[in-house]
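Let's walk through a protein model together, one question at a time. Keep the 3D view open while you read.

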Amino acid sequence: AVVSTQSGHYGRGATGDNIGSEEEALTKDYLSGGVWDEPAKYIAIVRHQQGVLDAVKVFKFRYWGASLYTRFGTKNQNPGRQIVTKGGPIQESISVNATNLEDDPIFSVDGDLAFNWAFGDNGCRIVLTGGYLSGANENDDNTHGLGNNYYCNPITNNRFSTSRTADASVIQDCSWKNGCREDDVKVQGKDHGHKYKNGPVYGNYAIYVSMEAESFPQPGYKLDLEIEM
């Protein structure tokens with residue numbers, strides 16, 4: 001079942017409260033508190049275009065049975081930096097018509113999923129281990145994924161400001177330590193803090209979880225809140 005269509009940057013999304021409506025779940029921010037609290041063995045990260053599946057990666061959790069509420073909750077934010085899957089994606093399916101793949105935060109990067117990637121006064125909710133992962137004390141604003149906040153306390157889930165948030169980033173080498181500043185940072189769409197400029201939208205991202213389904217429909221499939229496999 002779909003749990004979320006927003007990535008819940010730090011200061012938002014960790015409590016498991018319902019966000020949005022089922023009617024607009026695939027076009028606007030949405031989180032199902034009920035599914036958020038269900039145990040899961042498999043997770044699918046889906047990119048779609050107005051509900052039509054564009055690309056998907058399916059992973060198996062390293063330690064199955066915990067819910068996303070537990071995995072993203074405040075207890076697991078300290079110290080954070082959990083690599084939560086193993087063996088890389090067990091399914092990766094991308095449409096032949098998919099675009100903007102060269103720097104997509106999910107589909108341009110190899111490796112496993114990592115949650116709650118805390119570094120300095122920054123944090124990213126979902127990243128892949130094949131990309132650049134900042135060290136815990138490296139305040140470089142240079143790890144990018146889904147659910148990004150570059151001015152927060154990622155250990156306590158407190159944001160100092162919403163000025164440097166971005167629901168969806170793109171893969172880039174833009175280190176604060178090397179002089180990269182807000183005007184240089186690339187983000188997707190308009191769902192970001194006021195320090196960043198609007199960027200192209202690669203698609204909508206959705207997260208599905210399951211205890212049994214280790215595969216997902218192929219590109220072109222019309223998504224719904226629940227997928228029968």
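A quick definition before we start: a surface patch is made of residues with over 30% relative accessible area and no salt bridge, with like charges joined within 9 Å. Also, keep in mind that this is a predicted model.

Q: Which residues form the negative surface patch?
A: Asp and Glu count as negative, so those are the residue types to look for. The patch here is built from both types. Its members are Glu-22, Glu-23, Asp-37, Glu-38, Asp-224, Glu-226 and Glu-228.

Q: Is Glu-226 buried or exposed?
A: You'll find Glu-226 in the segment after strand E12 (204–210). Exposed means over 50% relative accessible area. Glu-226 has 56% relative accessibility, so it counts as exposed.

Q: Which element supplies the largest share of the largest nonpolar core?
A: This core has 27 residues, and Ile-43, Leu-68, Ile-106, Leu-113, Phe-115 and Ile-126 touch the most other members. Several elements each give it at least two residues, among them helix H1 (33–36), strand E2 (42–49) and strand E7 (122–128). The largest share is three residues, and it comes from E12.

Q: How many residues are in the second, separate core?
A: Among its members are Trp-117, Cys-124, Tyr-150 and Cys-174. This core is separate from the one we just looked at, and its residue count is twelve.

Q: Is Trp-117 buried or exposed?
A: Trp-117 sits in strand E6 (residues 113–119). Buried means under 20% relative accessible area. Trp-117 comes in at 6%, so it is buried.

Q: How far apart in space are Trp-117 and Leu-128, C-alpha to C-alpha?
A: Along the sequence, Trp-117 and Leu-128 are eleven residues apart. In space, going from C-alpha to C-alpha, the distance is 9.9 Å.

Q: Which residues does the cis peptide bond join?
A: Most peptide bonds are trans, so a cis one deserves a look. Omega here is about 10°, and Pro-79 lies in the loop between H2 and strand E4 (82–83). The two joined residues are Asn-78 and Pro-79.

Q: What is the phi of Arg-81?
A: Most residues other than glycine have a negative phi. Arg-81, in the loop between H2 and E4, isn't a glycine, yet its phi is positive, at about 60°.

Q: Is Asn-157 buried or exposed?
A: Asn-157 also has a positive phi, near 65°, and is found in the loop between strand E9 (152–153) and strand E10 (158–159). Its relative accessible area is 13%, so Asn-157 is buried.

Key
Residues numbered from 1 in each chain as written. Predicted model: local features only at pLDDT ≥ 70, side-chain atom pairs only at ≥ 80, totals over all residues. Heavy atoms only, no water. Patch = residues over 30% accessible without salt bridge, like charges linked within 9 Å, V, L, I, M, F, W, Y side chains within 5 Å. Areas by Shrake-Rupley, 256 points an atom, 1.4 Å probe, with all protein chains shown as cover. Salt bridge = Lys/Arg side-chain N within 4 Å of Asp/Glu carboxyl O. Charge placed at Lys NZ, Arg CZ, Asp CG, Glu CD. Helix = DSSP H or I, 4+ residues; strand = E, 2+ residues; numbered from the N terminus. Buried < 20%, exposed > 50% of the residue type's maximum accessible area, 1.4 Å probe, protein only. Core = buried A, V, L, I, M, F, W, Y, C linked by side-chain atoms within 4.5 Å.
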